[in-house]
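Reader: Could you walk me through how the labels on this model are earned?
Author: Gladly; let us have it in front of us.

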Amino acid sequence: MEFLIVILVIVILIVLPNIKVVPQAKSYVIERLGSYYVTWKNGLHFKIPFIDRVANVVTLKEIVKDFAPQPVITKDNVTMQIDTVVYFQITDAKLYTYGVEYPISAIENLTATTLRNIIGELELDQTLTSRDIINSKMRSILDEATDPWGIKVNRVEVKNILPPKDIQEAMEKQMRAERERREKILQAEGEKKSSVLIAEGEKESAILRAEADKESRIKRAEGEAEAMLKIKTAEAEGIKLLKEAKADSSVLTLKSYETLSRMADGQATKIIVPSELQSIATFGTTLKEMMNDKKEK
């Protein structure tokens with residue numbers, strides 16, 4: 001009995017460690033007697049004790065590697081430091097396990113050499129403004145080179161480009177001068193627009209003043225014309241009424257004399273007396289003398 005218990009315990013200790021559950025996004029590379037046997041995907045698996053072994057556990061998730069800055073030389077002999085970020089994914093666990101020794105290190109070295117080759121064909125200004133081109137070329141070259149390793153390079157990004165200190169200072173001075181130039185241009189354009197707006201405002205103001213003066217003159221002329229028309233209408237009505245009343249020449253003459261008196265009360269310095277009024281004045285003087293002679297007698 002005790003012998004059976006011992007055997008059962010030994011079997012359990014041997015069998016249980018060989019039952020494997022492969023989680024999602026993982027792959028197990030299995031070797032049998034030292035040779036590649038199979039790749040386990042996610043699920044429950046069992047390996048033969050002392051014959052099969054797990055050679056490698058591979059993750060199928062996308063891996064991000066930020067490699068240290070690499071010294072590179074441009075076409076115009078400027079040395080700078082560039083660091084890159086590589087996004088890759090293992091697509092074949094068998095090739096990844098047996099394709100290359102230390103795959104991550106191999107990718108880092110391949111990235112450095114590829115970057116040096118690409119930057120060596122570009123000048124400094126092109127390097128600083130052609131990140132998309134650099135990224136695209138590196139991704140294409142790395143993806144093709146790592147295909148035998150069971151690796152797919154999804155994306156490569158140039159993270160930082162660090163020129164020498166003297167180049168940075170020169171670039172900063174150039175950028176400062178460019179900003180000052182743009183500022184002066186914007187200021188000049190603003191002053192120009194301001195002058196144009198002021199001139200347009202003065203022009204519109206002058207036009208409005210001229211139109212207002214014109215309207216004022218027109219209104220005054222219309223008022224004077226209307227007043228004159230009313231005066232003439234009143235005079236015509238007066239004459240009409242006198243005619244309808246059958247006024248004789250003496251009444252008309254007296255009305256003219258009253259008008260003459262009102263004219264004399266004004267500011268006129270010279271008055272022209274009609275001949276009819278002169279006859280009346282002569283008649284009045286003669287009548288007055290006759291009255292005085294009669295009183296003396």
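Author: Buried means under 20% relative accessible area, exposed means over 50%, and partly exposed is in between, with a 1.4 Å probe and protein chains only. This is a predicted model, where local features need pLDDT of at least 70, side-chain atom pairs count only at pLDDT 80 or more, and totals for chains, interfaces and linings use all residues. Residues are numbered from 1 along each chain as its sequence is written, and side-chain values use heavy atoms, leaving out hydrogens and water.

Reader: Why is Ile10 called partly exposed?
Author: Its relative accessibility is 44%. Partly exposed covers what falls between under 20% and over 50%, so Ile10 counts as partly exposed.

Reader: And what makes Thr114 count as buried or exposed?
Author: Thr114 has 4% relative accessibility, so it counts as buried. Thr114 lies in helix α3, residues 103–119 (helices are DSSP runs of H or I with at least four residues, strands runs of E with at least two, numbered from the N terminus).

Reader: Which residues is Thr114 in contact with, leaving aside neighbours within four places in sequence?
Author: Met138, Ile141 and Leu142; contact means heavy atoms within 4.5 Å.

Reader: How do you know that β2 and β3 pair?
Author: Two strands pair if DSSP finds at least two bridges between them. Strand β2 (residues 26–32) and β3 have five bridges, in the antiparallel sense, and Ile30 stands opposite Val38 in β3.

Reader: Why are β3 and β5 at the edges?
Author: The open sheet runs β3-β2-β5 with antiparallel pairing. β3 (35–40) and β5 (52–59) each have a single partner strand, so one side of each lacks a neighbour in the sheet.
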